[in-house]
Amino acid sequence: MEVGVVFGNGGLPERTDKVMANAAAATAFTARDSTAPGGSVESRAICTDAPHGSVRGVEPNDAAFAFGPYRCHPYQRLLLEGETPVRLGSRAFDILVALLRKRGELVSKDELIAEVWPDTFVEEGNLRVHMTALRRALREQDGTSRFICTVPGRGYRFIAPVSECASRPAAASVLASVPSATGLPVSVTPMFGRSDFVRTLLAQLPAQRFITIVGPGGVGKTRVAVASAEAINGRYADGIHFVNLGSIMRAAEVGASLARALGIEPAGGNLVPRLVSQLMHRQMLLVIDNCEHVIEAIADLIERLLVGAPHVHVLATSREPLRSAGEWVRRLPPLYCPPKCERLSAAEAMTYPAVQLFVDRISASDEAHALNDDNAPLVAEICRRLDGMPLAIELAAGRVQAFGIRGLVAQLNEPMRLLSGGRRTADARHQTLSAMLDWSHRMLSEAERVVLRRLAIFPGEFTLSAACAIAADAGGSPSVAEGIASLVSKSMVIADLTDDVVRYCLLATTRAYALGKLSASGELDILARRHAAHARSEC
Ligand SMILES: Nc1ncnc2c1ncn2[C@@H]1O[C@H](COP(=O)(O)OP(=O)(O)OP(=O)(O)O)[C@@H](O)[C@H]1O
Ligand SMILES: [Mg+2]
């Protein structure tokens, strides 16, 4: 049976302001951004009964859409299942592209007819015929709708997760003119829920020469930076260059690391002036990943590059802003999660990128735990309790085989123990949740560590005055206000600036980590007493 569900499509825009809003509040949003560029596909053949680009507004560089086992290349008018072209009539193909472009949204019959037959009057029956052909081509059996659901009397909605990926032009001459994105890491998994973020970032990049994507560990900064760079491969005459600072440990290695990525011999004195003079007339984008642990050295180097090499643009990622001249900070929020709702269907849940990610990662390892209407509320709960953080969701999905979905929910109170066993090929700090948080914790001063672990006593949101009342010692040390300010900057504490009174919270995973530190410090009892006394005094 086809499902006919209607979802709200309004809600708040993505939070791209200077400070990431309260992550828990993200679960209440209904605006969802379900796709973004990522990955790439090879065009093997063109299966078409219409000329190139007859879908309205299709450009040669338009992204391809990946969903289930299929890739749809609008410009080449090509639908592939794996590597095999799928036979599809031209109208059915146009319907598919129109639905993919508005995936997750209701597309009315009139809209579809206007899109597919722009200059002709046609009966609704025609639409039904081609829709049936499309469903047959996608092997949607009677009674199942993996991809397209009918909203009775109104239209259709594309419900499966979709990711956008580079659609490689078939002609070699076109390929030859595109500079390669040197060294950009290739991702073999789809990316979910970042198309709005990538779109605005790319709109800002020509004017803002230096943008830093900032956010907590594992929120997806590298993923978004790489997807953004891939999407504009070709915009820079001297190409795009990727520098991974995560592989160096000392600030002194920053210059050499950049030089190596650019193919410049790092040996010899005065490296920075040499770098600047080499790049002076170059027009390129530098993607500089993982800046937080060598922040002063890289901030200084970027500043000098921006002054001396006027056509160089920088896209950096860091858990903390670099705070150098010309920097434009974009905070990356977590992925949207479904709000709490007992009767959430699988189709509804799948419109949220956090769920799409979880489902994608479990189906990679375990087909037995497919999403269905029974387990959809549990999956939504997992995503919510992990605050929509992609790395945590990936790690959780990896534990489904051992514990099942219900078992996973039962163990979420102990995320530090539960969330381990990341991909063997992932960075060491992404193998477990605690390794990911250790990386940030190592960069904190002693005073910041004390404040962080004491803030873990708050189970939810708190105000600055509550934090000061509970986390400071009698002599007022450490300075809780200062500690909170720098922990917010370092993405260890989340600030919600939407009300007059700023509210703070720790992501659930950060809190679990900090609680472990609080317990190990021997301060847990005294902090619990202070917290209880403060709560009583507020009543
Ligand atoms: N939107 C997304 N869709 C699918 N997977 C994602 C998404 N965002 C992140 N991931 C995955 O989550 C993991 C962590 O992402 P990423 O490495 O980009 O985080 P990060 O913010 O750069 O972390 P760190 O601060 O440790 O460098 C990766 O395996 C990545 O592929
Ligand atoms: Mg990263």
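Domain bounds come from an automatic or database domain assignment. This is a predicted model, in which local features need pLDDT of at least 70, side-chain atom pairs count only at pLDDT 80 or more, and totals for chains, interfaces and linings use all residues. Residues are numbered from 1 along each chain as its sequence is written, while chains are lettered from A and ligands numbered from 1 in the order in which they are written.

Q: Which domains supply the shell around ligand 1 with at least three residues each?
A: Domain 2 (176-331) and domain 3 (346-435) each do so.

Q: What makes β13 a largely enclosed strand?
A: A residue is buried if 20 or more other C-beta atoms, placed from the backbone, lie within 10 Å of its own, exposed if 12 or fewer, and partly exposed in between. Six of the six residues of β13 (284-289; strands are DSSP E runs of at least two residues, helices H or I runs of at least four, numbered from the N terminus) are buried, so the rest of the structure largely encloses this strand.

Q: How do you know that β12 (240-244) and β13 pair?
A: Pairing requires that DSSP finds at least two bridges between two strands. β12 and β13 have five, in the parallel sense. V243 stands opposite I288 in β13.

Q: Why are the buried residues of α14 said to line one face?
A: In α14 (400-410), V400, I405 and L408 are buried. Their directions from the helix axis to the C-beta atoms define the arc; it is within 85°, so these residues line one face of the helix. The face turned away carries the exposed A402, R406, G407 and A410.
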